[in-house]
Amino acid sequence: MIIGLPKEIKNNENRVALTPGGVAEFVKNGHTVYVQATAGEGSGFSDAEYSAAGATILPTIEEVYGIAEMIVKVKEPIEQEYALIKEGQLLFTYFHFASYEPLTRAMIERKATCLAYETVELKDRSLPLLIPMSEVAGRMAPQEGAKYLEKPLKGRGILLGGVPGVKPANVLVLGGGIVGTQAAKIAAGFGANVTIMDISLKRLRELDDIMPANVTTVMSNHYNIKEAIKTSDLIIGAVLIPGAKAPHLITRDMLKDMRPGTVLVDVAVDQGGCIETCKPTTHENPTFIIDDVVHYCVANMPGAVPYTSTLALTNATLPYALLLANKGWKQACQERDELKLGLNVVDGKVVYPGVAQAFNLPLTDVAEVLA
Ligand SMILES: NC(=O)C1=CN([C@@H]2O[C@H](COP(=O)(O)OP(=O)(O)OC[C@H]3O[C@@H](n4cnc5c(N)ncnc54)[C@H](O)[C@@H]3O)[C@@H](O)[C@H]2O)C=CC1
Ligand SMILES: CC(=O)C(=O)O
Ligand SMILES: [Mg+2]
């Protein structure tokens with residue numbers, strides 16, 4: 001198969017979808033890899049390293065999309081990439097379709113086949129290609145939150161861990177999955193007073209067993225959230241309903257119950273956000289303020305720490321990317337249920353229920369496109 005590795009062009013997106021080591025694996029398996037010049041630069045990989053691994057370097061993104069049967073990426077294609085996508089081309093990347101209708105409609109129009117990292121799902125309901133980036137974003141969330149709590153950055157001016165004789169900050173984490181667990185762990189490590197909420201009692205029991213003493217578990221419901229936000233300094237949004245738009249657990253009218261300078265880090269923003277007032281922001285311009293509440297809503301948080309994120313992501317994605325190249329997407333998805341669940345759009349037809357529901361689009365049975 002002919003594989004294309006474009007350079008990411010989303011704001012401050014420094015990750016790359018294949019390392020030179022990954023390229024070498026494809027070449028060893030008899031595939032041809034085209035890498036856009038400087039694609040790996042932000043993650044510390046030079047064109048010379050990709051060439052030495054057996055790739056051909058192409059100067060422009062147009063050439064990479066033009067020649068490849070499968071495009072391997074990190075972030076969803078952005079507007080300027082839509083026209084580059086060819087009919088039937090396989091795109092293996094994050095999409096987060098349910099949060100952005102224009103992207104969904106563009107992929108339908110281009111008749112692309114889109115296998116989304118974030119909906120590849122194993123039998124135990126875990127999301128093997130989302131987990132590594134959720135681990136990164138979860139660990140980053142208290143770090144970013146701590147920064148924006150500083151007064152010059154418009155926060156309340158409170159130190160997460162406090163100091164001897166002075167109380168620590170209160171951190172509320174909504175969602176106790178991968179992002180929430182990592183966020184709670186790091187916030188607790190800073191010394192904050194952490195509350196973590198989830199709708200799964202089973203998950204709260206597990207968290208109660210593994211978390212340090214400064215983490216309290218509380219059932220997630222409207223009443224408990226409304227109470228907790230009154231005294232929270234930092235609120236981290238970490239809920240997920242796979243493939244679907246995130247539920248708004250904090251609505252616009254609830255901001256008035258928060259103290260001025262409270263910081264919201266809505267990690268779930270890539271699925272639309274679990275805080276109504278959160279809209280996607282960039283690393284260049286990460287925050288905005290509504291009702292004296294600081295909103296941090298960067299949709300590609302791991303892009304800021306590419307030396308960690310690129311390796312963590314490709315550790316998980318490479319075996320699946322190789323399977324797609326070795327068997328072709330159809331056979332690979334027939335043989336592996338988790339990959340089949342990654343199919344969101346096939347030849348322009350929506351095959352993922354959450355995406356069809358989000359925009360009232362016709363849903364094609366995935367069995368039909370795999371027949
Ligand atoms: N902004 C960014 O750069 C990044 C964003 N993310 C996003 O973070 C979000 C969370 O991802 P993961 O932690 O991997 O998901 P996960 O599936 O591991 O955890 C989600 C948790 O939310 C819980 N939940 C669902 N509804 C809830 C409710 N009403 N109240 C409280 N909890 C509720 C679930 O029970 C589950 O434990 C996703 O949208 C993901 O795409 C992940 C990585 C990077
Ligand atoms: C998961 C995701 O959206 C990211 O890593 O940017
Ligand atoms: Mg994202």
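Okay, let's start with helix H1: its buried residues pack against strand S1 (2–5), strand S2 (32–36), helix H2 (47–52) and helix H10 (306–327). Before I go on, keep in mind that this is a predicted model.

So which residues of helix H1 (residues 20–28) are buried? They are Pro-20, Gly-22, Val-23 and Phe-26. They sit on the same side of H1, because the arc they cover around the axis is only 155°. The general rule behind that is that an α-helix has 3.6 residues a turn, so residues three or four places apart point the same way. Just after H1 you get to Gly-30, and that one has a positive phi of about 90°.

Right, on to the sheet. There are seven strands in it, it's open, and the pairing is mixed. If you want to trace it on the screen, the order is S9-S8-S7-S10-S11-S13-S12. Why is one side of S9 and of S12 left without a neighbour in the sheet? Strand S9 (215–219) and strand S12 (287–290) stand at the edges and have a single partner strand each, so there's nothing in the sheet on the other side. On average, neighbouring strands here are turned by 20° against each other, ignoring direction.

Let's look at the S12 edge. S12 runs antiparallel to strand S13 (residues 293–296), and four bridges join the two. If you want a pair to click on, Phe-288 stands opposite His-295 in S13.

Now the helices on this sheet. Helix H6 (residues 131–148) lies across strand S7 (170–174), strand S10 (234–237), strand S11 (263–266), S12 and S13. Its direction is at about 150° to S11. Then there's helix H8 (residues 201–210), which packs on the sheet and touches strand S8 (193–198) and S9. H8 makes about 170° with the direction of S9.

Last bit, the ligands. Ligand 1 has 34 residues around it, and the closest are Ser-134, Gly-175, Gly-177, Ser-220 and Met-301. Which elements give two or more residues to that shell? H6 again, plus helix H7 (178–190) and S8. By type, the shell around ligand 1 has 21 nonpolar residues, nine polar and four charged.

And ligand 2? Around ligand 2 you'll find Tyr-94, Leu-130, Met-133, Asp-270, Asn-300 and Pro-302. That shell splits into four nonpolar residues, one polar and one charged.

That's what I have, happy to take questions.

Notes:
Residues numbered from 1 in each chain as written. Chains lettered and ligands numbered in written order. Predicted model: local features only at pLDDT ≥ 70, side-chain atom pairs only at ≥ 80, totals over all residues. Near = placed C-beta within 6 Å. Nonpolar A, V, L, I, M, F, W, Y, C, P; charged D, E, K, R; others polar. Pairing = 2+ DSSP bridges. Axes fitted to C-alpha atoms, helices over the stretch in contact; angles between N-to-C directions. Contact = placed C-beta atoms within 7 Å. Buried ≥ 20, exposed ≤ 12 C-beta atoms within 10 Å, placed from the backbone. Arc of directions from axis to C-beta.
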